[in-house]
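User: I am new to this structure and would like a guided tour of one part of it. Could you pick a helix, take a close look at what surrounds it, and then place it among some other spots?

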Amino acid sequence: MIYNEKVMDHFANPRNVGEIENADGVGEVGNVKCGDIMKIFLKIENGIIVDAKFKTFGCGAAVATSSMATELIKGKPFEEALQLTNKAVVEALGGLPPVKIHCSVLAEEAIKAAISDYLVKQGLDPELFGIKPGACDHDCESCSHV
Amino acid sequence: MKRIYTDNAATTKVSEEVLNAMLPYLTEAYGNPNSLHSAGREVRQAIDKAREQVAAAIGCDAGEIYFTAGGSESDNWAIKGIARRYGKKGKHIISSKIEHHAVLHSLAALEKDGFEVTYLDVDENGFVSVEDLEKAIRPDTILITIMFANNEIGSVQPIEEIAKVAKAHNIFFHTDAVQAVGHLPINVKEMNIDMLSMSGHKFNAPKGVGALYVKRGIILPNLIDGGSQEKGRRAGTENTASIIGMGVAIENAVKVMETESKRLAALREKLLNGLLEKIPYCRRNTPKENTLPGVANLSIRFVEGEAMLLMLDMRGICASSGSACTSGSLDPSHVMLAIGLDHGTAHGSIRFSLDKYNTEEEIDYILEVFPTIVERLREMSPIWTEENRAKIQ
């Protein structure tokens, strides 16, 4: 298992660690059983993600993808953040070992979950924005992403 | 940055004495030990000596030692060999849930061939029960294979009692002693062990060399057909320098075993007790008694093993974990689950394994650095909440 320098940098010096008080959207995915939990907090003003923070229980790749994913969505309209794919997170990190790709999927899912939470709080239907309900049901063993 | 290597259960450094003993056999003494001429004969003599050194270390005859490429090969040969040769007598094997994969996967291969395997449970400290073993024995049981000492947590099994049960029922007994040889006193005759696997690189010999002890009278099928090496059972020109290195390494390990195991056990306890004191919400996974001198394993709740390893590595400390993320699968180590840990606690397991090169200063450094790493990762952890902490008494 070898991580590249960029991944190691985002692991050793993760960006955006922490919580946002009274966050506009919070999403949590993964479970202890499979060893990764990501929780993402969003501050959204006029549809723009003005701040994003995360807390992650997991391996080096889980921390690095959380860090990179929050960096990638900050300052973006939430509709654009919804288009963020796990592939884009992996590319931005300069690649991940194959067994760690599921960590990047978690990052994508965590962001979708946080935006979904935001939309529900706004009285909007996440499905209208293309978010499938229960994208992550916390059951990693039956997860198609693994 | 100075490197602190505390992953000696994974592999050890080749000691200087071992290297010096090996060097001539990589340079001027390059003869083939199977040749009749003087260049060959001098190497043959050195291999004979190594065989005697290995035999003396575990209390058997030199003729009962077969050199192999390591612990995994020895395990495979013993287990599959007995199954192939004695499978007509019965198709049942007894083992444990905390064996090394070299044993577990050999057994899995046999299960595909129609063998049945009973995997004994272990208690929360990683010990099998001799009572359970007796209950598991069937008329068609041909082999009991239970490890001498566990590589992840250190638990040392009641090998003499297990061997006694095997003998009373006329069942072959093999033990994977890869972690025990060179670290614990072993006498295969007194302990009634029929077959024993060992690996050189766990006691300061090079990687790629090991041995299988096979009690005289037990005939295993040939592992490699070819020339007459290892009595024709494991053909191929000998791994000369490594075999000679292993002989020296095992002799040295036995020489200092008594004092060294006391020193290591004291360091192990200092490390474990120090960490348990400094870091709240930990669980000691290494048993307090009947355990390997140098293996210290504990679980740090609310953090994940690989993240800890990476941060330790950044501070120069090499350790190991039973977390899923270090195995490339979603499941944490089978040993952690077998001792009854929930997945979260198993993912947070960490092992420091010490050997003769580790010092008290290094333990002090780990005690200083590791708690700050845990603190940092817990601050980052979404499950490090008061609510979750309250669930743990």
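Analyst: The tour below begins with one helix and its partner, moves on to the loops and rings, and ends in the other chain.

Please keep in mind from the start that this is a predicted model.

Let us take helix α7 of chain B, which spans residues 240-278. How do α2(B) and α7(B) pack, and at what angle? Two packed helices are described by the angle between their axes and the distance between the axes. For α2(B), residues 38-58, and α7(B), the angle is about 35° and the axes are 8 Å apart. The crossing of the two is left-handed.

Which residues make this contact between α2(B) and α7(B)? On the α2(B) side they are B:V43, B:A46, B:I47, B:A50, B:Q53, B:V54 and B:A57. Facing them from α7(B) are B:T240, B:I243, B:I244, B:M246, B:G247, B:V248, B:I250, B:E251 and B:V254. Sorted by class, the contact has 12 nonpolar residues, together with three polar and one charged.

Now stay on the same helix and look at B:K270, which also has its place in α7 of chain B. Is B:K270 buried, partly exposed or exposed? Its relative accessible area is 29%, so it counts as partly exposed, a class that runs from 20% to 50%. Beyond its neighbours within four places in sequence, B:K270 is in contact with B:E360, B:I363, B:D364 and B:L367. One of these partners, B:D364, is 94 residues from B:K270 in sequence, while their C-alpha atoms are 8.9 Å apart in space.

Next comes the loop after the helix. B:Y281 is found there, between α7 and β9 (282-284) of chain B. Why do B:Y281 and B:F302 count as an edge-to-face pair? Their ring centres are 6.0 Å apart and their planes stand at 70°, and planes over 60 degrees apart count as edge-to-face, so the pair falls in that class. It is one of eight aromatic pairs over all chains. The pair links distant parts of the chain, 21 residues apart, with B:F302 in the loop between β10 (295-300) and α8 (305-314).

The two partners are not equally covered: B:Y281 is partly exposed at 28% relative accessible area, whereas B:F302 is buried at 9%. B:F302 has another feature to look for, a positive phi near 75° in a residue other than glycine.

Rings in chain B also meet charges. B:K13 lies over the face of B:Y357, 4.6 Å from the ring centre. The charged end of B:K91 sits over the ring of B:F115, again 4.6 Å from its centre.

For one more loop in chain B, find B:T6, between β1 (4-5) and α1 (16-22). B:T6 has 1% relative accessibility and therefore counts as buried, the limit being under 20%. Setting aside residues up to four places away in sequence, B:T6 touches B:I317, B:C318, B:A319, B:R351, B:F352, B:S353, B:L354, B:N358 and B:I366.

Finally, let us turn to the other chain. Chain A has five helices and three strands, arranged from the N terminus as α-β-β-β-α-α-α-α. Of its 146 residues, 52% are buried. An aromatic cluster in chain A is formed by A:F78, A:Y118 and A:F129. In the loop between α1 (5-12) and β1 (25-31) of chain A sits A:N16, which is buried at 11% relative accessibility and has a positive phi near 70°.

A:K55, in strand β3 (residues 48-57) of chain A, brings us back to chain B. This lysine counts as buried, at 13% relative accessibility. Among the residues it touches in chain A are A:G18, A:E19, A:I37 and A:F41, and in chain B it touches B:E379, B:M380, B:S381 and B:P382. A:F41 is 14 residues from A:K55 in sequence and 8.6 Å away in space, C-alpha to C-alpha.

Technical notes: Residues are numbered from 1 along each chain as its sequence is written. Chains are lettered from A and ligands numbered from 1 in the order in which they are written. This is a predicted model: local features need pLDDT of at least 70, side-chain atom pairs count only at pLDDT 80 or more; totals for chains, interfaces and linings use all residues. Side-chain values use heavy atoms; hydrogens and water are left out. Rings of Phe, Tyr and Trp (its six-membered ring) pair if their centres lie within 6.5 Å; planes under 30 degrees apart count as stacked, over 60 as edge-to-face and the rest as tilted. Helices (H or I, at least four residues) and strands (E, at least two) are DSSP runs, numbered from the N terminus. Buried means under 20% relative accessible area, exposed over 50%, partly exposed in between (1.4 Å probe, protein chains only). A charge sits over a ring if NZ of Lys or CZ of Arg is within 6 Å of the ring centre and within 35 degrees of the ring normal. Axes are lines fitted to C-alpha atoms, for helices over the stretch in contact, and angles run from 0 to 180 degrees between N-to-C directions. A crossing is left-handed if the near helix is turned anticlockwise from the far one by less than a right angle, and right-handed if clockwise. Contact means heavy atoms within 4.5 Å. Ala, Val, Leu, Ile, Met, Phe, Trp, Tyr, Cys and Pro count as nonpolar, Asp, Glu, Lys and Arg as charged, and the others, Gly among them, as polar.
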